[in-house]
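Got the viewer open? Here's a short tour, stop by stop, with what to select and what you'll find there.

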Amino acid sequence: MDKIVIEGGLPLEGEIKISGAKNGALPIIAATLLCPGTHIIHNVPDLRDIRTILQLMETFGITWEKADTNTLAINSDNVSSFEASYDLVKTMRASVLVLGPLLARLGQARVSLPGGCAIGARPIDFHMQGLQKLGAQLELEQGYVDAKVNGTLRGNAVYFDIPSVTGTENILMAAVLAEGETVIKNAAREPEIANLIDMLTRMGAKIEGRNTDRLVVRGVKKLVPAEIEIIPDRIETGTFLVAVGAAGGDVNLTNCDPALLPSLFDKLRNTGLYLKEDKNSIRVIRSGPLKSVDIKTMPYPGFPTDLQAQMMALMTLTEGLSVIHENIFENRFMHVAELKRMGADIRVDGGRAIVKGHGKLNGAQVMATDLRASASLVIAGLAAQGITEVSRVYHLDRGYDDIVGKLSAVGAKIWREKE
Ligand code: UD1
């Protein structure tokens with residue numbers, strides 16, 4: 001297994017190209033299950049979660065090839081199996097995204113329950129209740145959700161207690177081939193959902209309410225294969241912006257979409273960073289000391305939980321006090337103990353963390369516990385004095401496309417080593 005070694009203290013200078021969104025590509029790949037034919041997906045990031053979902057798709061009978069480096073051609077003429085096994089689902093929760101499209105296409109699906117993960121219990125009850133509303137019969141058997149429908153799914157009103165991202169995506173994918181109208185109330189509004197809606201619309205689906213919390217789907221009888229481009233990864237974009245904040249320097253991020261990060265920019269400007277947004281690029285400069293800000297994670301367009309750990313690393317480098325509220329996942333402070341090993345002063349009190357900045361961190365051996373926690377440790381390592389070693393980097397490989405290569409190219413001393 002690899003570890004990442006970072007010699008901190010160097011400013012970052014140059015250009016970083018942002019990859020396509022992991023969380024955009026995963027549901028869109030799952031959506032290709034909905035109808036036969038060859039679908040073309042551009043701007044797919046090269047990372048482990050994408051390889052995992054393609055492996056899962058292969059188990060259903062799907063074939064795929066790379067049309068070029070970041071373009072996938074997925075053929076879904078044959079969907080002969082409908083079981084998503086525990087082996088794959090346990091490595092990636094988003095595997096649950098195949099439940100809706102399999103049910104819509106085949107009338108049945110058997111998907112392993114994902115179980116808990118490092119950042120919390122993360123149930124899928126909203127997905128299940130929503131599919132039941134559309135007429136599916138669901139049973140839990142030996143750790144699997146067995147879903148069946150007699151005839152076709154039927155449109156209905158589905159309400160989410162909390163706006164769930166993959167829950168909204170699953171119900172959308174099930175509803176597009178259902179009979180009649182489905183209304184999803186309190187739907188999540190993350191931009192990756194709009195990306196999926198664009199794909200489904202190109203496939204012939206009828207969906208209203210894009211970018212709102214009320215989605216209306218009028219079921220159609222047939223869909224056709226489509227071509228789509230994955231939106232830029234806003235979490236990767238935010239991660240690099242915060243990295244420049246921590247390490248200092250002047251970096252231009254290209255192939256990104258500043259409009260997808262409404263809540264981050266104000267926060268970063270308040271910490272003292274200079275940000276210049278263009279349509280598809282952002283320049284970030286840090287020249288002076290950092291100021292502390294408070295953060296509350298919220299569903300989109302609020303501050304993303306997927307950037308909370310990275311912001312916490314940045315806050316340890318201020319000279320002030322920062323209060324970070326985690327409102328989405330109950331256990332998403334696993335990075336705290338590791339940041340403390342680097343000299344951070346952080347106190348966790350229920351769903352909030354109080355960070356007392358000391359202006360500096362020291363390199364240490366730390367352990368990645370989940371995807372975004374790993375990113376926060378890399379950011380901390382870039383700013384720390386001395387050497388930081390981040391072990392268990394498979395978490396990072398799940399969701400970042402060549403983070404080591406991209407950071408090296410802007411002057412960071414960062415490399416992989418065998419553990
Ligand atoms: C997605 C993202 C993940 C991000 C998260 C929140 C993908 C592949 N993953 O995860 O990166 O951190 O959104 O922005 O897009 N909940 C329930 N029951 C359910 C479903 C969710 O109680 O059936 C709760 C969750 O525990 C959590 C909240 O709802 O507290 C939101 O979670 P959700 O939006 O569903 O997260 P994911 O879709 O799993």
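Start by selecting the ligand: domain 1 (2-19 + 232-418) and domain 2 (22-229) both give residues to the shell around the ligand, so the ligand lies between them. Those domain bounds come from an automatic or database domain assignment. Keep in mind that this is a predicted model, where local features need pLDDT of at least 70, side-chain atom pairs count only at pLDDT 80 or more, and totals for chains, interfaces and linings use all residues. Residues are numbered from 1 along each chain as its sequence is written, and side-chain values use heavy atoms, with hydrogens and water left out.

**Stop 1: the ligand shell**

Now show the residues around the ligand (a residue counts as near if one of its heavy atoms lies within 4 Å). You should get 19 of them, with Asp125, Ser164, Thr166, Asp306 and Ile328 the closest. Colour the shell by class and you'll see nine nonpolar, five polar and five charged residues. Here Ala, Val, Leu, Ile, Met, Phe, Trp, Tyr, Cys and Pro count as nonpolar, Asp, Glu, Lys and Arg as charged, and the others, Gly among them, as polar.

Next, pick out α5 (125-133) and α6 (165-175), which each supply at least two shell residues. Which helix gives the most to the shell? That's α5, with three residues. (Helices are DSSP runs of H or I, at least four residues; strands are runs of E, at least two; both are numbered from the N terminus.)

**Stop 2: distances to the ligand**

Zoom in on the side chain of aspartate 125: one of its N or O atoms is 2.6 Å from a nitrogen atom of the ligand. Over at serine 164, a side-chain N or O atom is 2.6 Å from a ligand oxygen. At isoleucine 328, look at the backbone instead, where a polar atom is 2.5 Å from an oxygen of the ligand. The protein covers 88% of the 740 Å² of accessible area that the ligand has on its own (Shrake-Rupley method, 1.4 Å probe).

**Stop 3: where the domains meet**

Zoom out and colour the two domains; their centres, taken over C-alpha atoms, are 30 Å apart. The contact (heavy atoms within 4.5 Å) takes 24 residues from domain 1 and 19 from domain 2. Together the domains bury about 1,800 Å², 51% of it on carbon and sulfur atoms. That is the accessible area (1.4 Å probe) that two parts lose on being put together, summed over both. Select Tyr300, Phe329 and Arg398: they supply 32% of the area that domain 1 buries against domain 2, more than any other three residues.

**Stop 4: backbone oddities**

Stay with tyrosine 300, whose peptide bond to proline 301 is cis, with omega near 10 degrees. Proline 301 sits in the loop between β18 (295-296) and α10 (308-315). Most residues other than glycine have a negative phi, and most peptide bonds are trans. Finally, select asparagine 43, in the loop between β3 (38-42) and α2 (48-60); its phi is positive, about 60 degrees.

Technical notes:
Polar contact = N/O pair within 3.5 Å; in protein donor to acceptor, adjacent residues only side chain to side chain.
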